[in-house]
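Please read the following account alongside the sequence and the model, moving from single residues to whole chains and then to the contacts between elements.

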Amino acid sequence: MDPNEVEFLGEKQLVSIVPNFNFDMIHLISGSIGPFRAGLPVKIPIWLAINLKQQHKCRIIGQEWMDVEDLKNIKEEEKKSKVFTKMPSNHYMDEVHMLLGAASDDIPNADEIRTAVKDIWDIRMSKLRTSINAFLKSEGTHAKLDHLTAMEINNVRPLLPHALDQMVRLQQIGQASATADSREESQNMSSI
Amino acid sequence: MFGRRGVELVKELDQSLDSIPPFNEELITEILEEMQRLYNENRIDVNTRPDDHETYLSIKVRHAVLKRDKRCILAYLYNRLRRIRQMRWEFGSILPPEITVSLSKPEVQWFDSYSKCLATYMKSIGDNHGLNLTSDLAPPKSLFIEVKCIADYGKFEFGDGESVQLKKNTYHLLPRSECEQLVRQDGCVLLSPRSLTVNCKRHCERKDQETKRESLSACRSL
Amino acid sequence: MEEVDEVVEENAEFLEESDEDGGVTAQSVLQDIENAWLNEKFAPEILPHQSDAVECMLQQISHMEDNMKSLGKGSMKSLIHQMEINRIRFIISSYLRCRLEKIEQYAMHILTEEAQRGREDGYLSSDELRFAKDYLSSIELLFRTLALQHMPNVLQKFEIETMTVKPNIHAHVFLRANKRITGIIVPGTVDEEVDFEEGSQHIVQYSAVADLVKNGDIQLI
């Protein structure tokens with residue numbers, strides 16, 4: 001899947017904004033939003049938040065977890081843990097990308113948040129590579145992938161499923177030739 | 001060598017992955033002639049010396065070559081057809097002349113029939129509501145995108161009657177729907193974050209900054 | 001502006017009412033289409049069509065667009081509705097495109113399978129089925145005109161059996177379990193039986209979970 005499409009799914013997540021206008025509730029197909037009262041925070045989908053921000057109609061507050069201290073703790077946890085820890089959002093990477101990209105002037109400590117998230121991503125990706133390697137060597141057929149987020153899964157999509165597909169093919173060929181061998185053997189036996 | 005031409009045919013396509021090379025009628029005719037020749041030889045052998053073991057083996061070999069030749073020709077035709085199909089999605093229902101010259105007449109006819117069959121299907125979507133599947137190829141981003149003019153385009157009028165002067169090396173925040181044709185006509189390059197990478201070679205330092213609405217604060221980098 | 005609100009509200013009310021009767025809301029139909037889109041994207045084979053949901057959603061969109069005509073084109077409200085419509089239209093077209101690509105790629109296989117299914121439980125919509133048939137016969141015509149008719153008699157056949165390309169249903173897929181599922185058989189050198197907890201994520205051969213994807217117990221991701 002194109003990373004743009006993962007981001008597209010992430011854009012559905014809600015984020016708090018502070019509008020600078022007043023407007024009644026709007027009934028979208030995906031759910032109602034508003035009412036908008038100037039100066040009062042309201043939660044709306046990210047795709048809309050970014051657009052209103054572009055038109056200077058709101059300030060984006062960002063997600064609660066976009067806090068440098070919290071993120072540093074998550075990073076330490078991730079480092080300590082053997083398994084993947086639960087991320088604050090299934091789209092943490094793309095949300096940071098989108099929201100900080102559009103509103104780094106609104107969200108405090110944008111650069112530090114970016115760095116912390118990038119570190120977390122790097123730790124997790126390296127953990128992922130190591131575990132994939134071990135998994136393939138163990139000739140496993142299925143794996144549990146709890147707490148892996150959408151972008152992370154998409155990142156290994158070009159590699160992991162295909163590697164496993166090839167292993168299945170090799171196994172099948174192995175099995176087929178094994179049965180062929182034994183059939184040949186029994187034929188030889190009977191001819192003796 | 002038997003079957004060599006068939007492989008040549010397939011290789012020829014394989015070497016030009018992104019384009020459609022001219023239809024190789026000559027080579028196809030040669031292969032078809034080879035097939036006819038092999039077939040005749042087999043027929044004669046079957047009729048004259050059906051019980052001879054060596055003859056039996058040559059018949060087998062010829063038959064294998066015949067099947068392989070058939071397979072190569074059909075693989076060639078099929079893979080060309082898939083590329084022609086792609087043209088329908090990229091260029092619409094009218095093929096650019098530089099592509100038509102590379103096609104055989106039946107291929108041009110196939111394009112038309114594919115085009116028609118796709119149009120019929122698209123019209124039928126949602127209880128004949130109709131939906132053009134050849135647009136909306138990428139997820140929509142903002143309604144506005146930032147573009148940079150790479151040529152003096154002059155006055156550009158929007159659907160709603162508003163207009164903007166597009167001068168070379170100026171930047172504008174324009175409605176996405178209106179920009180597509182400008183970009184296709186090489187009047188503008190997209191500067192929205194998604195296309196930055198695509199156009200990064202042409203992306204140069206900003207000067208003469210002039211925006212229609214507010215300049216896009218969302219040129220993102222991470 | 002008021003008018004649009006009223007119509008949309010009416011719509012929403014209507015849908016909410018029907019929801020109380022165990023029916024569906026526009027919001028839930030949209031979610032269904034999004035799920036179907038992702039499943040279709042990641043499943044190697046073509047999945048049962050969802051034309052009812054697609055039809056319903058396209059109708060919603062067209063109502064909305066009709067009503068928006070009364071709004072000023074540049075008004076904030078109409079822009080917001082337009083943005084949402086663009087998003088929904090992208091999902092629907094990407095979903096249908098994905099199906100069309102599979103139909104083209106596996107035309108012979110899909111048509112053979114489809115012929116064995118009843119009219120009601122066909123995987124293709126009637127329009128997709130017509131497309132598949134037209135597409136396949138256009139290929140046969142091209143093959144005949146350019147090649148087959150010039151070949152020796154015995155080789156002129158358009159051999160469905162040897163030319164059929166089948167999807168690899170043993171391909172591995174990522175998934176999330178929508179509920180607790182027990183006793184899934186994962187094929188391997190030794191078949192292994194596994195349980196999925198609700199909300200857990202896995203990678204496994206598609207063939208092991210194909211039916212569960214089709215009945216909605218599993219979402220491909």
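Asp127(B) is placed in helix α5 of chain B, in a model that is predicted, and Asp127(B) has a positive phi of about 55° although it is not a glycine. Because Asp127(B) has 14 C-beta neighbours inside 10 Å, it counts as partly exposed, given that the partly exposed class lies between the limits of 12 or fewer for exposed and 20 or more for buried. A positive phi of about 55° is also found at Asp136(B), again a residue that is not a glycine, but Asp136(B) sits in the loop between α5 and β1 (144-149) of chain B. With 19 other C-beta atoms within 10 Å, Asp136(B) is likewise partly exposed.

The chain that carries these two aspartates has seven helices and five strands, and from the N terminus on its elements follow the order α-α-α-α-α-β-β-β-β-α-β-α. Of the 222 residues in chain B, 24% are buried. Among the contacts in chain B with a separation of 6 or more, 64% are accounted for by residues 24 or more positions apart.

Helix α5 of chain B returns when one turns to the contact between chain B and chain C, which takes 29 residues from chain B and 33 residues from chain C. On the side of chain B that touches chain C, at least two residues each are supplied by α2 (25-48), α3 (53-91) and α5 (105-128) of chain B, and the largest share, 10 residues, comes from α5(B). By residue class, that side of chain B divides into 19 nonpolar, six polar and four charged residues.

On the other side of this contact, chain C contains eight helices and five strands, and its elements, read from the N terminus on, run α-α-α-α-α-α-α-β-β-β-β-α-β. Buried residues come to 33% of the 221 residues of chain C, and residues 24 or more positions apart account for 65% of the contacts in chain C with a separation of 6 or more. For residues 167-221 of chain C, UniProt lists the feature "domain: DNA replication complex GINS protein SLD5 C-terminal" in an unreviewed entry. Over residues 167-221 of chain C, the chain is 16% helix and 45% strand, with the end C-alpha atoms 19 Å apart.

Chain A also has a record to consult, since an unreviewed UniProt entry places the feature "domain: DNA replication complex GINS protein PSF2 N-terminal" at residues 2-61 of chain A. The span of residues 2-61 of chain A is 28% helix and 33% strand, and its end C-alpha atoms lie 28 Å apart. In chain A, the peptide bond from Gly34(A) to Pro35(A) is cis, with omega near 0°, and Pro35(A) lies in the loop between β3 (31-33) and β4 (42-45) of chain A.

A helix pair completes the picture of chain A. Helix α2 (residues 46-54) of chain A packs with helix α4 (residues 92-103) of chain A at an angle of about 15°, their axes being 9 Å apart, and α2(A) and α4(A) are therefore roughly parallel to each other, a term that applies to angles under 35 degrees. The crossing of α2(A) and α4(A) is left-handed. To this contact α2(A) brings Ile46(A), Ile50(A), Lys53(A) and Gln54(A), while α4(A) brings Glu95(A), Met98(A), Leu99(A), Ala102(A) and Ala103(A). The residues of the contact of α2(A) with α4(A) divide into six nonpolar, one polar and two charged.

Note on methods. Residues numbered from 1 in each chain as written. Chains lettered and ligands numbered in written order. Predicted model: local features only at pLDDT ≥ 70, side-chain atom pairs only at ≥ 80, totals over all residues. Contact = placed C-beta atoms within 7 Å. Helix = DSSP H or I, 4+ residues; strand = E, 2+ residues; numbered from the N terminus. Nonpolar A, V, L, I, M, F, W, Y, C, P; charged D, E, K, R; others polar. Axes fitted to C-alpha atoms, helices over the stretch in contact; angles between N-to-C directions. Parallel < 35°, antiparallel > 145°, perpendicular 65-115°, else oblique. Left-handed = near helix turned anticlockwise from the far one by under 90°. UniProt positions renumbered as here; feature names shortened; annotations may be inferred.
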